[in-house]
Amino acid sequence: MKNEKLLLWILAAINFTHIVDFMILMPLGPQLMRIFEISPREFGLLVSSYTFAAGLSSFLGAFVLDKYDRRSIMMWVFLGFFLGTLACAFSPNYPILLLARIISGLFGGLTSALILAIIGDVVPDGRRGRAMGLVMAAFSVASVFGVPFGLFIASLSNWHAPFLFLASISAVIFWMIYKYVPSITAHIVAKHDKPSPIQVIRRVTSNRNQMRGITLTVMMMLGQFMIIPFLSPYMVANVGFTDMELTYIYMAGGAFTIFTSPWVGRMTDKYGKVKIFSIFMTLNVIPIAVITHLGATPIPYVLLISTMFFVTSNGRMVPASALITGTARSENRGSFLSFNSAVQQLSAGLASFVAGLILAENINGELVNYNIVGYIAIVFSLLTLPLIRRIKVVDTEAIVSVAESETNKIKLTQK
């Protein structure tokens, strides 16, 4: 159990860097739009380029993730992510930054699928909700520490500084992967015939239960990422926040979800994935409706609504991830989760790109049509409620696989 927790903490650290790398661009939006003199549409492309690239790499990764040791692939992927982050840090203009974001996304997207595949391989279904809660808490830490600190050092120097900060952390985490993550090969030990890419695609798309899980992912991303990328620009342009006051939103939301994420994981294991998801998804539409209609508003009221948005968004993600992971068996979990990660990234990119097309600036520099974006997001969110009830868990016990001759770092006891 001790070594399982160590592995989960390392996975959470990997998830932290990936999330901060993706999230930090959004609160930097007001600065980047001023410095590069870009429109909401061009900023939406900057956000979606990362997710589109991540989706492409996740799709291609589905053909190889289940063929090799999870540890080896994670090391190569994280090295590429580190180099892409450095490229963002030294980008001199909008076109170069756009290219650097694509590179970061190509490698960052694969980390999500690998993290979920490793959890599915080493953590039994009965504890998987708690494991997801711990790893998803990286979102909270990223919100309460990573993003606000990135904004703070950006205010002291320039927008390049947060990416240098993130690259430094990534170097330390790469060493942790090399030192402490064990070889994980159970998914390939019993396999002799490697499926072709066409067979991999057919195996996923012909499974109705897995396709329902993928459809759930699409609906969730469309319901969230039409809102999230433009939250910071809207708060500055319409609500009256300063660039520094944006940190309050991420700090408050992140501080609460640090505590609620593990709690949601425990509730997921106790009361069921579908029930907990339905509660939090229903609650999530309330802050979406309020946020997208805000005008000039006192900071305390905005923080109350935005914190509810963070908590409920995180609350629906924990049970959904646990449920979707359980729809695939060990031998094809990496392929399926890579497909799912690809769909997740592509859907997020599509959502932010479409929202950028809908939004516009008026003569006062305010963003208009954010309320329309909110209505669309609510519809997609509510469509997930009947869908999730049709998804079933097929892998009731995760198969633990560690080559003991090479490492004895993970020893699990089945409860």
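In the predicted model, Ser 352 makes contacts with Gly 44, Val 47, Ser 48, Phe 225, Pro 229 and Phe 230, when residues up to four places away in sequence are set aside. Ser 352 itself belongs to helix H15, which spans residues 330–358. The relative accessible area of Ser 352 is 1%, and the residue is therefore classed as buried, as this value falls under the 20% limit.

A search for salt bridges across the whole structure returned 1. This salt bridge joins the side chains of Arg 101 and Asp 21, with an N to O distance of 3.4 Å. Arg 101 is located in helix H5 (residues 94–122) and Asp 21 in helix H1 (residues 2–23), so that the pair links parts of the protein lying 80 residues apart in sequence. Both partners of the bridge are removed from the surface by the accessibility criterion: Arg 101 is buried, at a relative accessible area of 0%, and Asp 21 is likewise buried, at 0%.

Confidence was evaluated over the protein chain. The mean pLDDT is 81, and 86% of the residues attain a value of 70 or more. Residues 396–415, by contrast, have a pLDDT below 50. Beyond near neighbours in sequence, this stretch nevertheless has 46 contacts in the model.

Note on methods
Residues are numbered from 1 along each chain as its sequence is written. Side-chain values use heavy atoms; hydrogens and water are left out. Helices (H or I, at least four residues) and strands (E, at least two) are DSSP runs, numbered from the N terminus. Buried means under 20% relative accessible area, exposed over 50%, partly exposed in between (1.4 Å probe, protein chains only). Contact means heavy atoms within 4.5 Å. A salt bridge is a side-chain nitrogen of Lys or Arg within 4 Å of a carboxyl oxygen of Asp or Glu. pLDDT is the predictor's confidence in each residue, from 0 to 100.
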